[in-house]
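Trainee: I should like to go through the assignments in this model and ask what each one rests on.
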Amino acid sequence: MPRVRAARAAWYAGVELDAHLRQRAWHWAVKKNYALSAEYCIRLLNRHPQDTLGLVLGAVAGQRTRQDVFAAKCAEALQESCARKCVSSTEALVQLTLPTTPVPSSKSAAASPTLPSVEEVLALRQEVAAADAAVRDAGAAEDESIRVDSAEPLASTQQRVRRACLRCATPPLAELLEPQDTTYGRGLYATRLISSRQAILGESPLLVQRYDEAKCAHCLAPLSARVDAPGDRDALGVPCPHCQEETYCSEGCRAAAWSQYHACSCAAQNAELAQWSRGMQELLHRGKVEDGGGAAAGVADSGSEARAALSCLAVAKICAMATVQQVHPLAMPGISSLRGIADYEPATALSEIGALAVALSAALRQPNLFMEEVLSLFALLQTNEFFSTSGLALYAALSMVNHSCDPNCALVSGSGPAQRAKPMEKFLVALRPIREGEQLFIAYNAGLTTKLSYEDRKALCAQRHFECFCPRCLRRE
């Protein structure tokens, strides 16, 4: 009997997975994110090579992402299905195999989205065929973008911001609001008069990813010489006793890293993920050399190999944290409160981000980790990450502060003994007196935006998909 129950559970799990793959392939095709749709179609067709909806959407997505071989294989399989079912065209095959009205993708109609009807699939196919002729004249596929909204309720995010504010003042000096009549959306607003140089909010990062190997892998604190190797100048920090590869500033950081993520990413525990990480580390170090050997130069150059490798390692760390916590990566506390947007080239995303999703899925034993999740994590990172010469950090509450080229606040590091314990702990400090109800702003790259012209600043803001309406930008200074 246990074997029968296990087989039945596996069968139901397979049915649910098939329904999920079909629904997500259709969802992203409708949104014109054809790279994501193609990835779901590939996974579906690996399970069911003759699935009609997978083949139709695969042909459409392959056509729009310039994956001509994949599109041709889908078209050929559709012709074979037509011959096998004795129908004359793909349209007739769709009408024969798909429902005429949308149906729930699982038994729970109230909780599950619906699969498309015959009319919807044929309409999408005709629309793509008409639009693709114009796009092919340009010679390249159009870039796509993915937008990730916060999954956490606003009240929970407000509580998170309140706790960060209570570290500096009681009652809190700021609150998170999301007014409907502002161009900035949600942001932090002063709850009362704030004096100049007054600390408003303090927070430690959700995670860090080091760029400089002389810094702690968990908190980016400088590493001191190892006590057990006094004659070796290159031996720094407290190493992981299992893999000897990751190094930390203290035993406390080593224990925290192990409990949060390193337990499933350690080379001694997960050789497959460790091998992939070493490849990313090689790209990171090679990028340093190409960028002139300086850590600051490598991190600042958003187009470098080092920058891409750093983001990949950060995404892998988030997925490892989610594996340890046994939650979805986008549902982790702090991560679920963030919003982000990222542009991507469809063919490149399928070949590189898709391969990354497959690698992380296999290494972390997460069969349901798809390109959609990995690309969403990249969007959150690109929108909310904070850089330093040591690496990148991701914050929850501080990510709610909007940008201004003429800010009224700034981020400063902690001071005294707390700074040595938590070097990436940041405080939001007022640069001038702030009135009650006034929104708080920081300059996302203060050292750069103060030196740039209006046009250059506008282009820089556009890279993060927003427009600045500060007094300097309104006057076009």
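Mentor: Let us begin with Glu 245, which is partly exposed because its relative accessible area is 38%, and the term covers values between buried (under 20%) and exposed (over 50%), with a 1.4 Å probe and protein chains only. The model is predicted, so local features need pLDDT of at least 70 and side-chain atom pairs count only at pLDDT 80 or more, while totals for chains, interfaces and linings use all residues. Residues are numbered from 1 along each chain as its sequence is written, and side-chain values use heavy atoms, with hydrogens and water left out.

Trainee: What makes the pair Arg 278 and Glu 245 a salt bridge?

Mentor: The term requires a side-chain nitrogen of Lys or Arg within 4 Å of a carboxyl oxygen of Asp or Glu. The side chains of Arg 278 and Glu 245 meet at 2.8 Å, N to O, and therefore satisfy that definition. Arg 278 lies in helix H9 (residues 271–290) and Glu 245 in the loop between strand S8 (238–239) and strand S9 (247–248), so the pair ties together parts 33 residues apart in sequence. Helices (H or I, at least four residues) and strands (E, at least two) are DSSP runs, numbered from the N terminus.

Trainee: Why is Arg 278 called partly exposed?

Mentor: Its relative accessible area is 39%, so Arg 278 falls between the two limits.

Trainee: How many salt bridges does the structure hold?

Mentor: There are 15. One of them joins Lys 32 and Glu 127, at 3.1 Å from N to O. Lys 32 lies in the loop between H1 and helix H2 (34–47) and Glu 127 in helix H6 (residues 118–138), so this pair ties together parts 95 residues apart in sequence.

Trainee: How do you know whether Lys 32 is buried, partly exposed or exposed?

Mentor: Lys 32 has a relative accessible area of 43%, and is therefore partly exposed. Glu 127, at 40%, is also partly exposed.

Trainee: Are Arg 160 and Glu 152 buried or exposed?

Mentor: Both are buried. They too form a salt bridge, with the closest N and O atoms 2.6 Å apart.

Trainee: Which residues are linked in a network of salt bridges?

Mentor: Asp 149, Glu 178 and Arg 339 are linked in this way.

Trainee: Why does Trp 11 count as exposed?

Mentor: Its relative accessibility is 55%, and the limit is over 50%, so Trp 11 meets the definition. Trp 11 is found in helix H1 (residues 2–30).
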